[in-house]
Amino acid sequence: MRRFSCTVIALAFAAMPAAALAQRADDNATTSAEDAFGTSIGGEQIGIYNPNYVRGFSAAEAGNIRLDGLYIDQQASFTDRVIAGLQMRVGLSAQGYPFPAPTGIADYDLRKPGMKRLLSVSGRVGPFGTKVLELDGQLPVTDRLSIGAGYGIFSDRNHTGGSADFRTMALIARWEPVDGVEITPFWSRIGIHDEELPPLLLTAGDHLPPRIERVKRLGQKWAANEGETINAGIATTTRHGDWTLKAGAFRSILDLDRQHTQLFLNVRPDGAADEVVIAEPGRRSASTSGEVRLSRRIEDGPRLHMLHLSLKGRDRSRTYGGGREIFVGNHPIEDPVIFPEPVSVFGPKTRDTVRQWTVGVAYEGRWKNVGEVSVGLQKTDYRKRVFGPGVPVVTTKDAPLLLNATAAVHASPSLAFYGGYTQGLEESPVAPGHAVNRDEAPPAIRTRQVDAGLRWSITPAIRLVAGVFEVRKPFYSLDTARVFRQLGNVRHRGAEFSLSGQVAPGLTAIAGTALIDATLSGDAVDSGLVGKKPVASFGRLSTAVLDYRPTFAPAVSVDVVVESTSDRVASVDGKLVIPARAIASVGGRYRFKLGKAPATLRVQLANIANKFGWANGSSGIYLYNFPRRLTATLTTDFG
């Protein structure tokens, strides 16, 4: 599901004990967050970054996903049935990885079953009439083996009036055959039925679309998606003395039986547009990937040395294309036209394959109260082949040597300064649904990043992280013929700040800001095809969260979230912008007992002022924001 919905998602926005991870009534992203750079637990996400937006780029598109710290070539969305939480790793928090990535790392934790019988039941109503029922259970079989299973039913309604039915299911086990060895196999599936994705709008000139009614379905009812996603694999950890061996093998599949993209092209200020539906005969993306990493720990008094040897690889195959454009007509967007679904005659499909192997060696040195240093070297072998209908096979190869180096100096027990340099070979963005060459994935791109900053423990409970960064990549977008291709290079230079911790008894605060200066260069800029500022870029993104659980009434907590952005570039010359806006949300939790079972009622009212605004993508598409919405969730843990 990740590949066909990541554009929409992007537009719209320390280990824990295994037993604790399975207890969903205690889920709280705010109180669990290490910083303001992005944390997700129990379906709630806070922070300035997420897998689809890190320092102005997408970690998911770049392929920088980790599962229990191991490399996975993710093709489909994970389900909460097997995922306990997510932490975004950038700056200093990414230095704990032997091989960091220029676009940051999205680090997912598996929901490992604990050694206690437990059934978690969660029901949610809202927003927009959505109804959800989730069941997650765990059962100890022996003192070394526990199993878990989950099932979810989602009757979903999105903020553009579309609907979908999802079924999520998973099996997972945690086995410790001997001391020091942990084996975690898992399997998960998401069934996708009649998914109506939000329509995408493209204007006829340098103007914003007119304001339209939200939560109203625009487009054809038959323009829906059908299919499934599967994520499965096994992760293992073996510890023996000073040696640690971590290994994982994973299979990730997105398989769509039918697919549609709803478009409104040439939108004019009066609201009229050309309605077009892209119908495709389904597509499939499947990847087998994994990593084996051997680490040696050497203690030398106050100094600790770590040596890492890693081998990771992937074998991916994608089948796509063969679609056709269906012209519905020119009409006002808000005056729907019922157009019978035509019998589509599809064309031949395109297939591409990627095989990549990477071997790496890294060193980490930590000197207590003095500092840290790390250096890593990776050699990767990348080959991509594209089998297009009626054309010769196109083969792309690359074999770069990639360097990463970081250092941190502890100026005092509470203050540390850090810096780092990282090179990468990352996935390029996939051509969007409204491109002529939609779904086409260009070859992997070479990227690099430089960053530096500080971490200051203001008090034992409050921490400030501040940093600066520069990331450089090739830039892909649509040209005037709607062909998705490289148009130049992009540089994101900026600063990021995070303040987190318990500022008073029962009061947790998370605040973060990213300041980004995005600049384009290359022939397309010189010719005027694109401007110096990428479309959809903005200079500031901020979030602030307060969660208060009074000591005199611990059963109750209230929270406030404020998210804001600066003006967003909406035209090639940079003169047209989407105005800055701030969105506030309020919520609360009430903890009580259902019999002997702990339960939590979570209620949140988001966008309380019901502010309207547009979001846009680098290829020029528009999608309006979420209106005011109410969500209520009841979660109970039966032991």
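Start with the salt-bridge network. Asp73, Arg314, Arg316, Arg318, Asp352 and Glu427 are linked in it. Keep in mind that this is a predicted model. Side chains of opposite charge can pair when their charged atoms come close. In this structure, 39 salt bridges turn up.

Let me walk through three individual pairs. Take Glu496 and Arg55. Their side chains meet in a salt bridge, 2.4 Å from N to O. Where do Glu496 and Arg55 lie? Glu496 is in strand β26, residues 484–504. Arg55 is in the loop between β2 (44–46) and α4 (59–62). The two are 441 residues apart in sequence, so this pair ties together distant stretches of the chain. Are Glu496 and Arg55 buried or exposed? Both are buried.

Next, Arg258 and Asp194. This salt bridge comes out at 2.9 Å, N to O. Both partners sit in strands: Arg258 in β14 (residues 243–267), Asp194 in β11 (residues 181–195). The pair therefore ties together parts that are 64 residues apart in sequence. Now the accessibility. Arg258 is partly exposed, at 26% relative accessibility. Asp194 is partly exposed too, at 39%.

Third pair: Asp398 and Arg446. Here the N to O distance is 2.6 Å. Asp398 belongs to strand β21, residues 394–398. Arg446 belongs to strand β24, residues 445–459. They are 48 residues apart in sequence, so again the salt bridge ties two parts together.

Arginine also shows up over aromatic rings. Arg303 lies over the face of Trp367, 4.9 Å from the ring centre. Arg351 does this with Phe387, at 4.4 Å from the ring centre.

That brings me to ring against ring. How many aromatic pairs does the structure hold? It holds 12. One of them is Tyr49 with Tyr53. Their centres are 6.3 Å apart, the planes make an angle of 45°, and the pair is tilted. Tyr49 is buried, at a relative accessible area of 1%. Tyr53 is buried as well, at 15%. The cut-off for buried is under 20%, so Tyr53 qualifies.

Compare that with Trp614 and Tyr622. This pair is edge-to-face, with 6.2 Å between centres and 80° between planes. Trp614 has a relative accessible area of 5%, so it counts as buried. Tyr622 is buried at 2%.

Back to the tyrosines for a moment. Which residues form one aromatic cluster with Tyr49 and Tyr53? Phe37 and Phe538 do.

Now the backbone. There is an open sheet of 6 strands. The order is β2-β1-β5-β6-β3-β4, and the pairing is mixed. Which strands are at the edges? β2 and β4 (70–71), each pairing on one side only. Remember β2 from the first salt bridge: the loop that carries Arg55 runs between β2 and α4.

Look at β5 and β6 within that sheet. Strand β5 covers residues 83–89 and β6 covers 105–110. They run antiparallel, joined by 6 bridges. To find the register on your screen, use Leu86, which stands opposite Tyr108 in β6.

Last topic, unusual backbone geometry. Most residues other than glycine have a negative phi, and most peptide bonds are trans. We have three exceptions to look at.

One is a peptide bond. From Gly126 to Pro127 it is cis, with omega near 0°. Pro127 is in the loop between β7 (118–125) and β8 (131–140).

The other two are asparagines. Asn266 has a positive phi, near 55°. Its place is in strand β14, the strand that also holds Arg258 from the second salt bridge. Asn266 is partly exposed, at 38% relative accessibility.

Then Asn607. Phi is positive here too, near 50°. Where does Asn607 lie? In the loop between β33 (597–606) and β34 (614–616). Is Asn607 buried or exposed? Buried, at 1% relative accessibility.

So much for the tour. If you open the model, go to Glu496 and Arg55, the buried pair. Then turn to the cluster of Phe37, Tyr49, Tyr53 and Phe538. Finish at the cis bond from Gly126 to Pro127.

Methods
Residues numbered from 1 in each chain as written. Predicted model: local features only at pLDDT ≥ 70, side-chain atom pairs only at ≥ 80, totals over all residues. Heavy atoms only, no water. Phe/Tyr/Trp six-rings, centres within 6.5 Å; stacked < 30°, edge-to-face > 60°. Buried < 20%, exposed > 50% of the residue type's maximum accessible area, 1.4 Å probe, protein only. Lys NZ or Arg CZ within 6 Å of the ring centre and 35° of its normal. Salt bridge = Lys/Arg side-chain N within 4 Å of Asp/Glu carboxyl O. Helix = DSSP H or I, 4+ residues; strand = E, 2+ residues; numbered from the N terminus. Pairing = 2+ DSSP bridges.
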